Amino acid sequence: MRLLCRKPKKMTVLVLLVIFFVWLFITIIEFSFGLTVTHDLIAPTTSLLKSRELKAFITSAYYYPTSKSLGNHAIALVMSINLVKGPISQMETVLAPDPTELVIMAKNETSSIIVSAPYLRVTPHEVCQIITIFATVQLLPNVKSISMVGDNGMTEIPFTIPSYTKRDVVVCTSPLFVSEQWQNFLFAVHIYRKFGAHMNLYLISSVNSFYELMKEYEREGYMKIQPWVKVDFPGVPRTTADPHGQIEFRNQAASQTDCLLQFKESARFVTFLDLDDVLIPKLAPTYAEEFQKLMEGKKRLAYIFYHKENYDAITVRDSSKFSLKKMFSSLECKHKRETGKIVVDPRNLNYTWIHFPPILPNGLEKYEVTENVITHLKTIIWSDDQDPSSKILIEPPYFDNSSATIISSKAILNIEDDLRKMMRKPRIRKIFPKLPNIHYFTDLVVKCYNDRYYRYHYSGRIGEIKCPGPQLCGFHQHPKIKCTHVNATHNSMEKLSPITYYYATDPHFTEEIGCYSH
């Protein structure tokens, strides 16, 4: 019995000696190599797992010296990133989790800082592989360089100072591609001018003469053309990240968020409309007064939401006969409503999806407008029959079958006078005869969208929808129609872990690419 009692004592001593030597061994490693063994060698099983190759294209990087909502010295980033897992990556069940934060380094002339910023999803669904994300964080004053930091290096990125020029209202027009609808443009840009808004139009491509017309309106201060460059990951296989076929509607959510951030500190209100959407104030003489009236007396609003009512319009093929007065008179309500668009106070919102933001910021609400609607030019018929010399002026009816009208005769005549003033300018007078008199690409896009997207959307067959956008369409080039197309420099980038960052430089327009949507 004595022998049996002594063995446990010897075993205890032996165990204590083993524990001591293990502790000593670990301490020597930690001291020599700067490791925390329990963390770096034992615990992080996830570090042994394979990580997905994440590729992020930076569409926007705005640095705010001052900001009422983001804070001074803040950076706001908008990125398109392949966060949605495809069938292949979903089968790999041992992948490491995706990062939830971006790491950013900023330097000024005297110091530097490294900060982490959680990103937020802008795209609310997973139909497309590449989605839009937003992130913001405060940096240093007078920043000279900004870099995105990875585990194995960093990538310096270009950044822009946002607009600080005060404006009442900015209309952000969704990216145009193979556009030839010059009548829509003139209808919208003169209405915006009349009621106090500045048009910021995102452009991928348009027929040459239409581009020349828009440039003249930009020169005259009616609007601004913003090149909308394609997302591209040079050298990356499409199985990893497919920027051609897996981005929703030509990256529209990123363009709208870019516009919101660009005018965040300068505009009282920002709204997001397609070229065939026109909002005409009904409650006040100007946009700003109507928006202010709708927001007054309510809890803090992230946005107000206008529904869209479909209208048919008739316009002319022959630019020499074009009249906004006659286009107004031709409007016919179809009494069919579609998903609308929002107006925001940019101090209360940082990002938005195509129709509205996926979530409401804490403590904020939305207001659904019942007092007015967006006039959506659903069908536009190009005719040879309109007579601009006709003196008949018809005020287009409001959709509710009341005696109300969309716009007054006086306002229509003022808008028509403004058009005539622009048409008399020598440079524009030379462009007008060259404007398109057929809608070749418009017909291709409408048919493609109906066949490949809308017939599923409106019939409730949502599960059959593939990532929607112009990549679904074939753009057969017309021998007599030439386009101006955006171009930029895209470079291969050094691979970083967990995210490799890409961007474009030198955005410009060229006539050498053709009529395409990317």
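Student: Which phi does glycine 196 take, just after α4?

Tutor: Glycine 196, which comes just after α4, has a positive phi of about 90 degrees. Helices are DSSP runs of H or I with at least four residues, strands are runs of E with at least two, and both are numbered from the N terminus. This is a predicted model, where local features need pLDDT of at least 70, side-chain atom pairs count only at pLDDT 80 or more, and totals for chains, interfaces and linings use all residues. Residues are numbered from 1 along each chain as its sequence is written, and side-chain values use heavy atoms, with hydrogens and water left out.

Student: How many residues of α4 are buried?

Tutor: Buried means under 20% relative accessible area, exposed over 50%, and partly exposed in between, with a 1.4 Å probe and protein chains only. In α4, eleven of the 13 residues are buried, among them Trp182, Phe185 and Tyr192.

Student: Why does lysine 341 count as buried?

Tutor: Lysine 341 counts as buried because its relative accessibility is 2%. This lysine lies in strand β16, residues 332–344. Contact means heavy atoms within 4.5 Å. Neighbours within four places in sequence aside, lysine 341 is in contact with residues including Asp274, Asp277 and Tyr306.

Student: What order do the strands of the open sheet have?

Tutor: Two strands pair if DSSP finds at least two bridges between them. The open sheet has five strands in the order β5-β6-β2-β1-β20, with mixed pairing. Its edge strands, β5 (120–121) and β20 (499–502), each pair on one side only. Between β5 and β6 (residues 131–138) the pairing is antiparallel, over two bridges. Leucine 120 stands opposite phenylalanine 134 in β6.
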